[in-house]
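Let's take a walk through this structure together. Have a look at it first, and then we'll go from place to place.

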Amino acid sequence: MDNSRAQWGSKLGFILAAAGSAIGLGNIWKFPGRAYEGGGGTFLLVYLAMVIFFGVPLMLTELAVGRASQSNVVGAFNKLGHKGWSWVGWVGVLGAFVITCYYSHVGGWVLRYVWGYSVEAPAIYADPLGYFYDTLGLASDGSTHFPWVAILFAAIFMACNAVVIIRGVEGGIERFNKIGMPALFVILLVLLVRAVTLPGAEEGIKYMLTFNPEKLNLTTMLSALGQAFYSLSIGMAILITYGSYLPRSEHLTRNTVLICAMDTLVAMLAGFIIVPAVFATLGADHVGKGGGFAFVSLAGVFEQMPGGRLFGVLFYLLLLFAALTSCISLIEGIVAFLTEHFSWERKRTTVLVCIVMFLIGCLYTCSQAAYPLKGIWLDAVNGLSHPAFCDAMEFLTDRLMIPFCALGCCLFVGWCWTPENAIREIEQSGLRFGLKKVYALIIRFVAPAAIIVILGMSLITGTTLS
Ligand code: PHE
């Protein structure tokens, strides 16, 4: 084994870094909207079940593969003696690469809004949509321009990531997460208190706590499953890579449960912030999700809320920490692969991939509104279509690469490396794993079947993971 391989400096450092990877934009701007669509309390219950039945076993599996192999995501399959499966790792790295291209740009927009609420909140309030579009290169008179504001902030965001990654696993990633994650929790609590004490918030809270049986349908279940995968960073280079920096003495099960619990807690808290706040200000039917909601609709919430500007800054800071810690994990998965597979030097590799991903990401930002750049996409309903480049990038990762990589991991562990080996790795710390049979059943049959349904649905009906 390669003794010079990096390791986490502490258990807490690993947990915070892995939780930092999981807790991202998905938790804060996707989960509340999905929870609202899925009937509030109904969705929360279904989501919880998905995390327990699929999230925990899959995360455990990826961490076990990583730790057993002590290798990056492509090397992992080779080291475990199954070269033929390294395509799973390649899909993971490629997925992480494409996601980082756009995640880093969205991170840049978030940074722009931290700045925006700090210095020019009235301009945002006056025309939230216009402000957003202007950032992306579309002026209010309909003319377009190069979106230099968004791109400048994306460059700053990417540079922050690079600085952390260059400093290494312990000195960079672990240290950053030890500051970023507690900050994220503090901001989350402040926003929660603000949201639930708004006059009229009770309706939203009630909605989130009410079980609505009509919403218990296949759509809600798929939405919850897709959200759980994306939110837990499953199906990418990341958990295998982070697991490979873990010492053998660590209890994988306990750590996995803790990371999943933290991620779920943050998603739920975000739900209990956003849904009640929107109910109290704009009205129930304004709860939405994604960039348009986070950057445009929420302006109305902050405008109407006492102290809204301060809470606006705090909200975008929350998003910023969430995006940074996730983006760092994505880049680490790629850098670990390149440095180990090709023996490249860490610092140069980091700078190079960050620049390349930033540049490709510029096409993502430019294609939002400023330029009509097209991508390619094939699905059963529309055949070959040419959506905006930015959408094509998201389709490619959310609907294809993430589920494929997750499926590959399940099939690899379920049928090739065998659940027995995974369990042996899980028990390395000396702690007995009591759910062996259930675990094997999920990894072999249940999880692959569920992922195939997701893959099929996404190609046929356009259901998306994120
Ligand atoms: N889990 C992150 C989120 O919820 C997204 C992400 C996906 C991060 C994949 C890293 C890898 O936003």
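Start at Ser233, which you'll find in the loop between α11 and α12 (237-244). Its backbone is a bit of a curiosity: phi of Ser233 is near 60°, a positive value in a residue that isn't glycine. Is Ser233 buried or exposed? With a relative accessibility of 7%, Ser233 counts as buried, because the cut-off for that label is anything under 20%. Keep in mind as we go that this is a predicted model.

A second loop residue makes a nice companion to Ser233. Thr418 is in the loop between α17 (389-417) and α18 (419-426), and phi of Thr418 is near 80°, again a positive value outside glycine. Its surroundings are another matter: Thr418 has a relative accessible area of 22%, so it is partly exposed.

Now for the ligand. Where does the ligand sit? Look in the largest cavity, and there it is. Around the ligand are 15 residues, and the closest are Ala22, Leu25, Gly26, Tyr103 and Tyr230. Sorted by type, the residues of this shell come out as seven nonpolar, eight polar and no charged.

Zoom in on the nitrogen side of things. A backbone N or O atom of Ala22 lies 2.9 Å from a nitrogen atom of the ligand. Tyr230 also takes part through its backbone, with a polar atom there 2.9 Å from a ligand nitrogen. Ser21 joins in as well: one of its backbone N or O atoms is 3.4 Å from a nitrogen atom of the ligand. How much of the ligand does the protein bury? Taken alone, the ligand would expose 320 Å², and the protein buries 100% of that. The elements that each give two or more residues to the shell are α1 (11-22), α2 (25-37), α11 (218-231) and α15 (308-341).

Next stop, Arg67, in helix α3 (residues 41-69). Arg67 has a relative accessible area of 0%, so it is buried. What does its side chain make a polar contact with? The partner is the side chain of Glu425, at 2.7 Å.

We'll finish at Thr350, which belongs to helix α16 (residues 346-366). Here too the relative accessibility is 0%, so Thr350 counts as buried. Try tracing from Thr350 to Gly13: the two are 337 residues apart along the chain, and their C-alpha atoms are separated by 21 Å.

Technical notes:
Residues numbered from 1 in each chain as written. Predicted model: local features only at pLDDT ≥ 70, side-chain atom pairs only at ≥ 80, totals over all residues. Heavy atoms only, no water. Near = heavy atom within 4 Å. Polar contact = N/O pair within 3.5 Å; in protein donor to acceptor, adjacent residues only side chain to side chain. Areas by Shrake-Rupley, 256 points an atom, 1.4 Å probe, with all protein chains shown as cover. 1 Å grid on protein atoms, 1.4 Å probe; cavity = no way out; pocket = protein on both sides within 12 Å on 5 of 7 lines; lining within 4 Å. Sits in = over half its atoms within 2 Å of the grid points. Helix = DSSP H or I, 4+ residues; strand = E, 2+ residues; numbered from the N terminus. Nonpolar A, V, L, I, M, F, W, Y, C, P; charged D, E, K, R; others polar. Buried < 20%, exposed > 50% of the residue type's maximum accessible area, 1.4 Å probe, protein only.
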